[in-house]
Each structure stands twice: as structure tokens, then as C-alpha cells.
Amino acid sequence: MKKYCNFVLAILLFMGMCQGAAFAENGGSESQPQLISTIEQLDQIRYQPNGNYQLENDILIYAGSYEDGKWVPNRRWDPIGWEQQPFTGTFDGNGHRILFSIGEDQGYGYVGLFGVAKNACIKNVTVAADIKVNSRYAGAVAAYAEDSSFENCVATGSINIRYITKKDKETSYAGGICGYAKNCTFLSCGSKCPVTINGLADEGFYYCYVCDQYHLLPVCGGGLIGATEQGTVSRCYAIQEVSVSSKRYRSGAGYSCHTGGLIGINGSTVEECYATGPIFAEADYGGDSQIYAGGLIGENKGNVCNSYTSGSIMAKYGLGVSYVHGQGMNSHTSAMPSYVFSQTGLMVGRNVGKLENCYAAGTGISTFRDEQSEDGGSQTFRAGFVFAQCNEENGKPYLKQENYQNCYSIREYVDSEINADPHNRRYPTSSRDLKTTYSHFCTPQDLEQIIPMKTIAQLQDKSTYEAWDFQSVWDISAERNDGLPYLRNNNLYQ
């Protein structure tokens with residue numbers, strides 16, 4: 001009898017080894033994490049969201065495959081954690097990769113490997129996500145995170161979401177790593193994942209009782225994070241395209257469109273980060289829609305230091321919208337007044353925070369619909385380091401020097417033949433050269449009073465960067481980063 005029991009026990013142990021270790025009741029501990037080796041075990045985490053987990057191998061969750069020329073569906077991923085039961089544990093990818101897809105037939109408010117994470121730690125994992133869905137929050141690693149930490153996380157694949165606002169205060173956030181992050185820490189994370197948001201505004205306004213005024217609903221897309229609120233983002237990068245488009249579902253609705261190479265709206269501290277992907281932002285003309293687009297950050301409310309961007313930017317305001325009538329900044333639809341506003345900068349679109357030891361080496365263009373313009377419908381402006389308005393009397397930007405310490409912008413783009421364009425669009429040479437309606441817009445030349453502009457050769461010269469730390473933070477070499485300064489401690493992709 002004893003021999004028979006031992007034989008049965010041996011069989012059970014062998015089966016357990018083949019299927020992966022059984023789940024502990026508490027999901028593992030810090031010293032002995034629960035090992036994850038199968039799709040089933042990964043899925044089991046949602047039922048014990050406060051445990052400690054570690055990957056043993058790559059996990060590939062294929063949506064399906066072709067068999068005899070026919071597509072045979074397999075399975076799609078359901079995000080771990082939601083509002084009522086967020087993921088609150090520790091997940092260590094142990095250097096492995098997780099591949100999954102979420103398709104259009106799956107409707108979620110939170111889309112990612114993790115849907116909602118609070119007081120969680122996620123680290124050492126590469127997530128290859130194929131996301132194409134209607135959603136409010138989306139990120140390859142986490143859709144929404146609060147009081148959580150992300151370390152050595154990499155996002156690949158693609159994120160493409162579409163969202164229609166129908167209720168007050170509904171917004172949409174998407175980022176390569178995380179859609180929305182509140183009081184979170186990101187260290188040595190990177191995104192090679194293109195991010196696309198197509199927003200449709202139905203009820204595009206909400207009333208703020210504290211400030212006693214209406215606000216536009218934000219649509220936020222960032223190469224790394226859609227939006228941050230407090231927290232830190234250190235030694236991170238994003239290298240793929242970010243595209244945010246906001247359209248009106250009906251006349252009178254509107255969005256504020258925030259697009260950043262790294263972060264759409266930033267309320268955190270950003271240190272030693274860079275973004276190189278192209279940026280595209282588009283909003284309908286009318287309905288009070290607005291654009292904030294920047295090579296690194298769309299709208300900055302935090303502190304940014306020792307960071308750079310080199311991507312191109314294109315911001316377009318509602319060209320070809322047939323029911324717009326009026327003139328310039330005060331154009332309107334038949335339903336209500338429309339205020340056209342686009343803030344585009346090579347580094348940051350709109351800035352109310354602080355930037356220190358940063359440079360921008362990209363190119364940027366903003367195109368506005370303007371029925372007063374000489375070309376019969378649009379004006380196009382070159383983008384400077386940051387968007388600014390100018391005092392019409394003295395031409396000086398409304399910028400505070402203390403908010404821009406030791407920052408530099410590329411000059412070639414300004415010194416080129418700015419009145420020549422293959423589409424015959426008009427490029428003003430100064431703010432005084434604009435039509436009266438636009439006379440308060442600053443040009444890159446005006447911004448040079450605050451942020452020096454340099455040629456490529458000057459940006460490749462270490463002596464240009466006064467007070468920069470080239471011993472422990474920055475370095476420069478003709479063989480790396482096109483001869484421009486690069487970050488010593490951010491070598492994830494360079």
C-alpha cells in the first residue's frame with residue numbers, strides 16, 4: 001500500500017512539474033515569489049492580485065493562426081486588475097517577454113497587460129502588445145496606475161484606440177508603457193510602440209465648479225505615458241510615432257488634444273529622458289478644440305531636466321471643415337463661437353513648469369485654417385523650442401527666464417528659406433509679418449531672447465552647453481546620436 005501511495009504521489013508531482021508550479025494560497029511572497037510559466041498561470045494572477053510573481057519564460061498569447069489558408073482564432077488577453085479589484089502586488093518579468101493582443105470586439109475602459117494597478121511594482125519585462133480597441137485608458141504594461149513603480153519595462157507592438165465622449169468628464173489617455181500615471185515612478189523604461197488615438201467629441205465640455213468655468217475634455221497621447229500626475233520619470237525613452245486626432249461627433253463639441261513624444265500632459269518630474277519619434281496632432285477647426293504638441297511633452301506642468309528631443313512635429317487645425325464661417329481667431333459655427341488655438345513646440349507645446357539643461361534638435365510645423373490668408377484657407381508656422389505669445393508693443397515673449405535654464409534649440413530650421421514651401425503656404429518671417437489676427441504669436445526668432453538657437457555644428461560642440469554635467473550625466477561623440485549630446489545613463493536604445 002505504501003509503495004502504491006508513493007507511486008501516485010510521484011505521478012502527481014510529475015504532472016505538476018509539467019504544468020508548472022501550483023499557485024500558493026497568497027500568490028507567493030517577496031522571498032519566494034509565485035513562478036509563472038504558462039498562460040493559465042498568468043491569467044490566474046487576477047484572482048490573487050496582491051501576490052508576488054516572477055516569470056520563468058516568455059509567454060506568447062497569440063490571437064490565432066492560419067490553418068489551411070483560414071484564420072483560426074485562439075484567444076485574446078483580458079487585462080489583469082480593474083477599478084474594484086486592482087493589481088496591488090509585485091510582478092517581476094525576470095527579463096522575459098509577454099506577447100498579447102486585444103481586438104476591436106473587446107470593449108474595455110482599461111486596456112493593457114494590467115488594467116488598473118495601485119501600490120504595485122512591475123519590473124524587468126518586455127510587453128509586445130497588439131491593441132486595437134475602443135477604450136478610455138490604454139498602455140502596453142498598464143492602462144491606469146496609481147502609487148506604483150515601473151522599472152526596466154519595455155513596450156513594443158502598437159496601440160491604436162478610438163474613443164467617443166458621451167458623458168461629463170470622460171477623457172482618453174494612451175501611452176506606450178502606461179495610459180495614465182498618478183504619483184508613480186518610472187525608471188529605465190522605454191517604448192518602441194507607436195501610439196494612435198482617434199477621438200470623437202460628442203459632449204466635449206465639462207463644468208468645473210471650483211474654477212467656475214467650462215473646460216475641454218483632454219485627449220492625451222504620449223510615446224511613454226499619456227498623462228502623469230506627480231511622481232518621477234527617470235532615464236526613460238520613446239522612439240516611435242505618436243498620433244492624436246480629435247474630431248467632432250457633432251457641431252459644438254470639442255477636445256483639447258495633447259500630444260508628446262514622451263508624455264502628453266506632464267505633472268511629474270522628468271529626468272534624463274529623450275524622445276525621437278515623429279509627432280502628429282490634428283483637431284477640428286471650431287467647437288473650441290485646442291492642440292498642445294511637443295517633441296518631448298505636449299503640455300508641461302512639472303519639472304524637466306537633462307532631457308532632449310529630435311523628432312519632427314506636425315500640428316494641423318481642421319483643414320477642409322466645410323461648415324466653418326468667420327475670420328481668423330474668432331471664426332464660428334452656426335451653433336456657437338469657436339476659438340482656434342494650437343500650441344506647438346519642438347520641446348514642449350505649452351509650458352507652465354520648468355525646463356533645465358534641455359535641447360531640441362527636431363523640426364516642427366503648425367498649420368491653421370485661416371480664411372484671411374493669402375493662400376485662401378491656411379497659414380503655416382514654424383515651431384520654436386516652446387510655444388509662446390508675444391507682447392504686441394515690444395515683440396517680447398510672455399515667458400519667464402527662470403523657467404528655462406540652460407536650454408537650447410536648433411537654428412537651421414529657422415535660417416532656411418521660410419517663405420518657400422511646396423504647398424505654397426505662407427511662412428511669416430516675424431510676428432509683425434502676420435495678419436493682425438495672429439500678431440500675438442511668437443516666432444522662433446522672438447523666442448531666442450529666452451532660449452538661444454544654435455546651428456547643428458554648435459549643438460555638436462560641447463562648449464555650447466554652459467553648466468551642463470558632462471562627467472556623470474551627458475557625453476558627446478561623433479559616433480553616437482548624430483554627434484549630438486547623449487545621456488550616459490540612458491543607454492537602453494542608443
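Start by selecting residues 178–182 and 225–229: these are strands β14 and β20, and they pair in the parallel sense over four bridges. Keep in mind as you click around that this is a predicted model. To pin the pair down to individual residues, label Y180 and then look across to β20, where A227 is its bridge partner.

**Widen the view to the sheet**

Now colour the rest of the strands around that pair. β14 and β20 belong to an open sheet of seven strands, and if you walk across it the order reads β8-β11-β14-β20-β25-β30-β34, with parallel pairing. What stands at the edges? Select 114–118 for β8 and 348–351 for β34: each has a single partner strand, so one side of each is left without a neighbour in the sheet. While you have the whole sheet on screen, turn it to look along the strands; the twist from one strand to the next averages 5 degrees.

**Two asparagines with positive phi**

Next, jump to N357. You'll find it in strand β35, residues 354–360. Check its backbone: phi is positive, about 55 degrees, although the residue is not a glycine. Is N357 buried or exposed? Its relative accessibility is 9%, and the cut-off for buried is under 20%, so N357 counts as buried.

Then select N406 for another case. Here phi is near 55 degrees, again a positive value in a residue other than glycine. The setting is a loop this time: N406 sits between β38 (404–405) and β39 (408–410). Put a surface on the chain and N406 comes out as partly exposed, with a relative accessible area of 26%.

**Last stop: R46**

Finish by selecting R46, in the loop that runs between α2 (39–44) and β2 (52–55). This arginine has a relative accessibility of 8%, which makes it buried. What does its side chain meet in there? Show side chains for D43 first: the side chains of R46 and D43 make a polar contact at 2.9 Å. Then turn on the backbone of D78, whose oxygen lies 2.6 Å from a polar atom of the R46 side chain.

To see the rest of the surroundings, add W77, P79, I80 and Q85 to the selection. Together with D78, these are the residues in contact with R46 once its neighbours within four places in sequence are left aside. With D43 still displayed, you have both polar partners in one view: a side chain from D43 and a backbone oxygen from D78.

Key
Residues numbered from 1 in each chain as written. Predicted model: local features only at pLDDT ≥ 70, side-chain atom pairs only at ≥ 80, totals over all residues. Heavy atoms only, no water. Pairing = 2+ DSSP bridges. Axes fitted to C-alpha atoms, helices over the stretch in contact; angles between N-to-C directions. Buried < 20%, exposed > 50% of the residue type's maximum accessible area, 1.4 Å probe, protein only. Polar contact = N/O pair within 3.5 Å; in protein donor to acceptor, adjacent residues only side chain to side chain. Contact = heavy atoms within 4.5 Å.
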